[in-house]
Amino acid sequence: MRLRLVSIGGWCRPAHQIRVWAEGRSEFEAPASPFDWTITPFSALQTCLAPDFDPRKILASDQCVVSFAGSGMCQRSELVFHHDIPPAALEPIDGLDHGDVLPDTDQMSELRHKARYRFAHTMDRLKDDAATSDGLIFIRWQRGGHPDRQFPAAFEGESSHALAALIERFLGHQRFGLLVVTSETVSPENADIPDPIRGFRQSGRIIESTILERKGWNGDMTNDFRGDEISWSVLLDRAVSTWWQHGDLGIKNRAHRLTGEDRP
């Protein structure tokens with residue numbers, strides 16, 4: 001059984017970073033998560049990880065509105081489908097403003113259907129993993145922390161322990177790790193970063209860390225969502241090593257396979 005790394009938002013960056021990190025590492029995998037393509041405030045996680053949540057009921061035509069970011073948002077779940085119902089699809093529609101219900105056109109219906117299908121499919125898989133897997137690792141990216149400059153309500157009421165309790169209720173067990181990450185942009189914005197980890201605190205299965213990143217994708221100075229692969233790789237290496245040393249995630253007995261070494 002391989003350890004699974006699962007992104008739980010809040011933006012799309014951790015989905016990219018954990019896939020890059022897990023590639024070529026035989027003991028890890030990063031399956032698609034329902035939150036890979038969404039902007040996911042804490043309130044949305046509370047809704048989506050609740051026992052009675054039905055992912056097939058999201059994005060009803062009268063519940064799909066314009067988000068703060070100009071993309072489609074489901075009012076029932078509070079998920080922002082920034083990739084599946086992107087701003088580019090809404091810009092040609094005259095008169096739309098933040099909070100307006102999207103018109104029920106054929107194009108919007110198709111976008112909503114595809115987004116709903118993908119979300120429900122990946123949520124089903126996450127539920128299957130919850131029932132059958134040990135060693136799940138959840139990664140939450142809070143960008144620059146609370147309040148977020150673009151979405152002030154994104155992390156309202158959120159704490160690492162509240163997140164862990166939410167995940168534990170969803171899984172029905174404690175065999176998981178939670179990594180909560182915030183980022184700071186290095187100055188100058190494309191400078192080399194000898195040590196990207198600015199803060200690192202571990203408490204049982206929970207790790208909280210702040211990292212330095214270059215602007216854009218690996219310092220290309222764009223607004224690319226993917227972020228700095230070097231900084232994230234250093235952090236993920238340290239987080240997994242820390243969980244192993246403390247015997248968390250159920251991986252203690254196979255640590256030599258994770259590290260490539262025999263350990264006492």
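Me: What makes up the open sheet with antiparallel pairing?

Reply: In this predicted model, the open sheet has 3 strands in the order 3-4-5, and the pairing is antiparallel. Strand 3 (64-66) and strand 5 (80-81) each have a single partner strand, so one side of each is left without a neighbour in the sheet. That is why both are said to stand at the edges.

Me: How do you know that strand 4 and strand 5 pair, and what is their sense?

Reply: Pairing requires at least two bridges between the strands. Strand 4 (residues 72-74) and strand 5 are joined by 2 bridges and run antiparallel, so the requirement is met. In the register of this pair, Gly72 is opposite Phe81.

Me: Why is strand 6 called largely enclosed?

Reply: A residue counts as buried under 20% relative accessible area. In strand 6 (residues 136-141), 6 of the 6 residues are buried, so the rest of the structure largely encloses the strand. Both faces contribute: Leu136, Phe138 and Arg140 point one way, Ile137, Ile139 and Trp141 point the other way, and all are buried.

Me: Which sense does the pairing of strand 1 and strand 6 have, and over how many bridges?

Reply: Strand 1 (residues 3-7) pairs with strand 6 in the parallel sense over 4 bridges. Ser7 is the residue opposite Ile139 of strand 6. Strand 6 also runs parallel to strand 7 (residues 176-185), to which 6 bridges join it. Here Trp141 is opposite Val181 of strand 7. Both bridge counts satisfy the minimum of two, so both are pairs.

Me: What makes a β-α-β unit with strand 6 and strand 7, and which hand does it have?

Reply: Helix 5 (residues 160-171) completes the unit with strand 6 and strand 7, and the unit is right-handed. With the strands pointing away from the viewer, the path from strand 6 over helix 5 to strand 7 therefore runs clockwise.

Me: Is His173 buried or exposed, and how do you know?

Reply: His173 has a relative accessible area of 9%. The cut-off for buried is under 20%, so His173 is buried. Its place in the chain is the loop between helix 5 and strand 7.

Me: What does the side chain of His173 reach, and at what distance?

Reply: The side chain of His173 reaches the backbone nitrogen of Arg175 at 3.0 Å. A polar atom of the His173 side chain also lies 3.3 Å from the backbone oxygen of Ala130. Both distances fall within the 3.5 Å limit for a polar contact.

Me: What makes strand 8 and strand 9 a hairpin, and how many residues lie between them?

Reply: There are 2 residues between strand 8 and strand 9, and Gly204 in the turn has a positive phi of about 60°. Strand 8 (residues 197-203) and strand 9 (residues 206-213) run antiparallel and are joined by 6 bridges. Ser203 is opposite Ile206 in this pair.

Me: Why is the ring pair of Phe53 and Phe119 given its class?

Reply: By the ring-centre rule there are 8 aromatic pairs. For Phe53 and Phe119, the centres are 6.3 Å apart and the planes stand at 85°. Centres must lie within 6.5 Å, and planes over 60 degrees apart count as edge-to-face, so this pair is edge-to-face. The two residues are 66 residues apart, with Phe53 in the loop between helix 2 (42-48) and strand 3, and Phe119 in helix 4 (residues 106-132). Both count as buried, Phe53 at 5% relative accessible area and Phe119 at 2%.

Me: How do you know the class of the pair Phe138 and Phe176?

Reply: Their ring centres are 6.1 Å apart and their planes are at 85°, so this pair is edge-to-face. Phe138 in strand 6 and Phe176 in strand 7 are 38 residues apart. Phe138 is buried at 3%, and Phe176 is buried at 0%.

Me: What sits over the ring of Phe176?

Reply: The charged end of Arg205 does, 4.9 Å from the ring centre. The distance part of the rule asks for within 6 Å, so 4.9 Å passes. Likewise, the charged end of Arg238 sits over the ring of Phe200 at 4.0 Å from its centre.

Methods
Residues are numbered from 1 along each chain as its sequence is written. This is a predicted model: local features need pLDDT of at least 70, side-chain atom pairs count only at pLDDT 80 or more; totals for chains, interfaces and linings use all residues. Side-chain values use heavy atoms; hydrogens and water are left out. Buried means under 20% relative accessible area, exposed over 50%, partly exposed in between (1.4 Å probe, protein chains only). A polar contact is a pair of N or O atoms within 3.5 Å; within protein, one must be able to donate a hydrogen and the other to accept it, and residues adjacent in sequence count only if both atoms are side-chain atoms. Rings of Phe, Tyr and Trp (its six-membered ring) pair if their centres lie within 6.5 Å; planes under 30 degrees apart count as stacked, over 60 as edge-to-face and the rest as tilted. A charge sits over a ring if NZ of Lys or CZ of Arg is within 6 Å of the ring centre and within 35 degrees of the ring normal.
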